[in-house]
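Student: Can we walk through this model together? I'd like the metal site and the sheet.
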Amino acid sequence: MQPLSAAEIRGCLANTSKGEAQRLTLPGPPEQLAWPDLDFLGWRDAKAPGRAYLVTPLGSTVVGLALSATVPPRSLMRSNMCGFCHTLHDAASIALFAARLAGAAGRAGNTAGMYACTDLACSLYVRELRKPFLPQPPESLTPQERVARLRQKVTAFVTHVLDADPAGSRPAA
Ligand SMILES: [Zn+2]
């Protein structure tokens, strides 16, 4: 994805307050991130481990979501496969991420959830730049197809969260 500045990252979050956007801990100096290897920028807040953020291109704009991250007890864990990149993980490497829906649905407490790589490094897993702990089943898709699938899954999730509020809250392009 195209590199973003710190101000752009903080400014694109669609489902959180301006205050949280200003307080969050960035994953590092933006100019040091490996943007060409990323389909989306996802990270856990180093100072608030229950908080995570996902910033992705969407059409001609960029949209970010604030997420809460939890690791359910093993008995309640419904999947050990990342819903974004399809990497299989051990229980310690997958988390349930929940995004507050945009608009009135979100104010009423509704969220959308996704099991995903706990480090949100899906872009690196599909490029085999980061290796999961578990051996993976054979993958019939090429690396380019895995990238395309990842982008499609992330776009679908973000669109679902934003479209909960058809009246607005989607940032202007
Ligand atoms: Zn993943």
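Tutor: One term up front: buried means under 20% relative accessible area, exposed over 50%, and partly exposed in between, using a 1.4 Å probe and protein chains only. By that rule, both Cys-82 and Cys-117 are buried.

Student: What are the ground rules here?
Tutor: This is a predicted model: local features need pLDDT of at least 70, side-chain atom pairs count only at pLDDT 80 or more, and totals for chains, interfaces and linings use all residues. Residues are numbered from 1 along each chain as its sequence is written, and side-chain values use heavy atoms, with hydrogens and water left out.

Student: Which atoms coordinate the zinc ion?
Tutor: The SG atoms of Cys-82, Cys-85, Cys-117 and Cys-122, at 2.2 to 2.3 Å. Donors are N, O and S atoms within 2.8 Å of the metal (3.2 Å for Na, K and Ca); water is not among the atoms, so sites may look incomplete.

Student: And what arrangement do the 4 donor atoms make?
Tutor: Tetrahedral, because their angles around the zinc ion run from 101 to 117°. The test for four donors is that all angles lie between 85 and 135 degrees.

Student: What spacing do the donors follow along the chain?
Tutor: C-x2-C-x31-C-x4-C. Cys-82 sits in the loop between strand 3 (61-70) and strand 4 (94-100), and Cys-117 in strand 5 (residues 111-117), so the pair ties together parts 35 residues apart in sequence. Strands here are DSSP runs (E, at least two residues), as are helices (H or I, at least four), numbered from the N terminus.

Student: Switching to the sheet. What is the strand order?
Tutor: The order is 1-2-3-4-5, in an open sheet with antiparallel pairing. Two strands pair if DSSP finds at least two bridges between them. Strand 1 (41-45) and strand 5 are at the edges with a single partner each, so one side of each has no neighbour in the sheet.

Student: How many bridges join strand 2 to strand 3?
Tutor: 8. Pro-57 has Val-62 in strand 3 as its bridge partner. The two strands form a hairpin with 2 residues between them, and Gly-59 in the turn has a positive phi of about 60°.

Student: How many for strand 4 to strand 5?
Tutor: 7 bridges, antiparallel. Leu-96 stands opposite Tyr-115 in strand 5.

Student: What lies across strand 2, strand 3, strand 4 and strand 5?
Tutor: Helix 5 (residues 143-163), at about 100° to strand 2 (48-58). Contact means heavy atoms within 4.5 Å. Axes are lines fitted to C-alpha atoms, for helices over the stretch in contact, with angles from 0 to 180 degrees between N-to-C directions.

Note on methods:
Tetrahedral: all angles 85-135°; square planar, octahedral: opposite > 155°, others 65-115°.
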